[in-house]
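Subject: Structure handover

Hello,

Here is the structure you were going to look at. My notes come after it.

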Amino acid sequence: MIEKYNTLNRISEVGVVAVVRAENSEKAEKIAKACIDGGIPAIEITFTVPGADKVIESLDNKFSNEELIVGAGTVLDSETARIAILAGAKYIVSPSFDLDTAKLCNRYQVPYMPGCMTITEMVKAMEAGADIIKVFPGSAFGPSFIKAVKGPIPQAVLMPTGGVDLNNAGEWIKNGCVAIGVGSKLTGGAKTGNYEKVTETARKFVEEVKKARK
């Protein structure tokens, strides 16, 4: 139980989750290291990465809990969630809400962050014990949508993924998000093998969140 709260606290403290998609485990590990070096310890390895569970396990073994909070993304069902948790995932992220996955995560006291777009979906997910609602795809509505949601359900803990970049990162936070999930806008440098750029961009995202919170 304490570990669950520690995970959620640390994610909200930094305010950025790096969403890592890569063609292979070697690249995924390099991106993760670059993000950690840039001050983002929350790394979400998506299950679109070949052998994602092995990547999670490898990262969990290589880095201490102080350095890294590794999670699993693109988790569509409870079976995948269980594989991820056994591999060392500290939180589970989905593009959609799945009740069986929510139950499994609650059983093991692992934070669950399902993707939701409507108020109905969000309330259902919250009733099932979802810890953070992933507003997805964020690009569909933009940061102003957060204020609209927070009106009727101010207790919703929200994190957008999709449509988040350095220009609007602060706006999402100011409008009431606990954190932001960032993929290609953060990890883009890895496509050309420029991992220093990933580290530099990670620092900029962390800085934008800090500024917005002041």
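Below is what was found, going from the whole chain to single strands and residues.

Please keep in mind that this is a predicted model.

Overall build

The protein has ten helices and nine strands. Its radius of gyration is 16 Å, close to the 17 Å that the globule rule gives for 214 residues, so the protein is as compact as a globular protein of that length. Along the principal axes, the C-alpha atoms fill a box of roughly 45 × 35 × 30 Å. Of the 214 residues, 53% count as buried. The accessible surface comes to about 9,700 Å², and carbon and sulfur atoms account for 51% of that area. If you take the contacts between residues at least 6 apart in sequence, 58% of them join residues at least 24 apart.

Strands E1, E2 and E3

Strand E2 covers residues 42–46 and pairs in the parallel sense with E3 over five bridges. E2 also runs parallel to strand E1 (residues 16–20), to which three bridges join it. Two β-α-β units go with these pairings. In one, E1 is followed by helix H2 (residues 25–37) and E2, and the unit is right-handed. In the other, E2, helix H3 (residues 52–62) and E3 also make a right-handed unit.

Ile-45 of E2 can be placed against both neighbours: Val-20 stands opposite Ile-45, and in E3 the bridge partner of Ile-45 is Ala-72. Thr-46 stands opposite Gly-73 in E3.

How enclosed are E2 and E3? Five of the five residues of E2 are buried, so E2 is largely enclosed by the rest of the structure. Ala-42, Glu-44 and Thr-46 lie on one side of E2 and Ile-43 and Ile-45 on the other, and both faces are covered. Note that Glu-44 is among the buried residues. The result for E3 (residues 69–73) reads likewise: five of the five residues are buried, so E3 is largely enclosed by the rest of the structure. Ile-69, Gly-71 and Gly-73 point one way from E3, while Val-70 and Ala-72 point the other way.

Strands E6, E7 and E8

A three-stranded open sheet has the order E6-E7-E8, with parallel pairing. Strand E6 (115–116) and strand E8 (158–160) stand at its edges with a single partner strand each, so one side of each is left without a neighbour in the sheet. Strand E7 (residues 133–135) is joined to E8 by three bridges, and Val-135 stands opposite Pro-160 in E8. Helix H6 (residues 119–127) lies across E6, E7 and E8 and runs at about 160° to E7.

An exposed lysine

Lys-174 is found in helix H8, which spans residues 169–174. Is Lys-174 buried or exposed? Its relative accessibility is 61%, and the cut-off for exposed is over 50%, so Lys-174 counts as exposed. For a sense of distance, Lys-174 and Thr-48 are 126 residues apart in sequence, and their C-alpha atoms are 31 Å apart in space.

That is what I have on this one.

Regards

Methods: Residues numbered from 1 in each chain as written. Predicted model: local features only at pLDDT ≥ 70, side-chain atom pairs only at ≥ 80, totals over all residues. Heavy atoms only, no water. Buried < 20%, exposed > 50% of the residue type's maximum accessible area, 1.4 Å probe, protein only. Helix = DSSP H or I, 4+ residues; strand = E, 2+ residues; numbered from the N terminus. Pairing = 2+ DSSP bridges. Right-handed = clockwise from strand over helix to strand, strands pointing away. Rg over C-alpha atoms; globule rule 2.2 N^0.38 Å. Contact = heavy atoms within 4.5 Å. Areas by Shrake-Rupley, 256 points an atom, 1.4 Å probe, with all protein chains shown as cover. Axes fitted to C-alpha atoms, helices over the stretch in contact; angles between N-to-C directions.
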